[in-house]
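Me: I would like to work through this structure step by step, with the reasoning spelled out for each answer.

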Amino acid sequence: RVGGGFTGSASSPTGLNIDSNGRIDTDEIIVCSAVKTTSGVVASSASNSPKVKLDTASQVSLTVDDSGSDKEILKVKEDGEATFKNKSGDTKFTVKNDGRVGFKSKTTTELNAISASAGDMAFDNTLGVFKVWRP
């Protein structure tokens with residue numbers, strides 16, 4: 001092969017295959033001291049793969065596929081602030097860079113609809129307090 005390589009034999013490549021465009025295919029684990037990408041995105045070869053985006057100098061984000069579009073579900077900024085969302089863009093909670101945790105406010109109706117386990121916590125917008133479920 002010109003510009004490519006493989007392990008095994010030419011007629012039956014096994015383990016690792018590098019095509020002429022530089023794509024590396026393997027079913028095993030690749031161990032390396034660093035991962036670098038010009039696009040800033042780390043993903044599997046699946047078209048609907050979750051992606052880790054390292055494309056800015058100030059944040060890292062995790063996305064999931066939503067009908068072909070990347071939807072951010074977690075963003076961590078360089079100052080330590082973390083925001084958790086669902087793929088619809090609805091912020092569920094934020095951990096602020098000074099240690100405060102901001103929960104999405106919920107109405108009494110929304111709180112009553114939660115199927116909670118003991119120890120789960122949500123912010124009651126009506127009362128202005130956190131509610132913690134107990135057994």
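Reply: Before we begin, two strands count as paired if DSSP finds at least two bridges between them. Please keep in mind that the model is predicted.

Me: How many bridges join strand β7 to strand β8?

Reply: Strand β7 covers residues 69–77 and strand β8 covers residues 82–85, and the two run antiparallel. Pairing requires at least two bridges, and the number that joins β7 to β8 is three.

Me: Which residue in β8 is the bridge partner of Lys75?

Reply: Strand β7 spans residues 69–77, and the partner in question is to be sought in β8. For Lys75, that bridge partner is Thr83.

Me: Which are the edge strands of the open sheet?

Reply: The open sheet has seven strands, in the order β4-β5-β6-β7-β8-β9-β10, with antiparallel pairing. An edge strand here pairs on one side only, and this applies to the strands at 41–43 and 101–103. The edge strands are therefore, given that pairing takes at least two bridges, β4 and β10.

Me: Does Glu81 count as buried or exposed, and where is Glu81 found?

Reply: Glu81 is found in the loop between β7 and β8. Leaving aside neighbours within four places in sequence, Glu81 is in contact with several residues, among them Lys75, Val76 and Thr94. Because the relative accessibility of Glu81 is 17% and the cut-off is under 20%, Glu81 counts as buried.

Me: What share of the residues of the protein chain count as buried?

Reply: The protein chain has one helix and 13 strands, and it exposes about 9700 Å². Of its 135 residues, the share that count as buried is 13%.

Methods:
Residues numbered from 1 in each chain as written. Predicted model: local features only at pLDDT ≥ 70, side-chain atom pairs only at ≥ 80, totals over all residues. Heavy atoms only, no water. Helix = DSSP H or I, 4+ residues; strand = E, 2+ residues; numbered from the N terminus. Buried < 20%, exposed > 50% of the residue type's maximum accessible area, 1.4 Å probe, protein only. Contact = heavy atoms within 4.5 Å. Areas by Shrake-Rupley, 256 points an atom, 1.4 Å probe, with all protein chains shown as cover.
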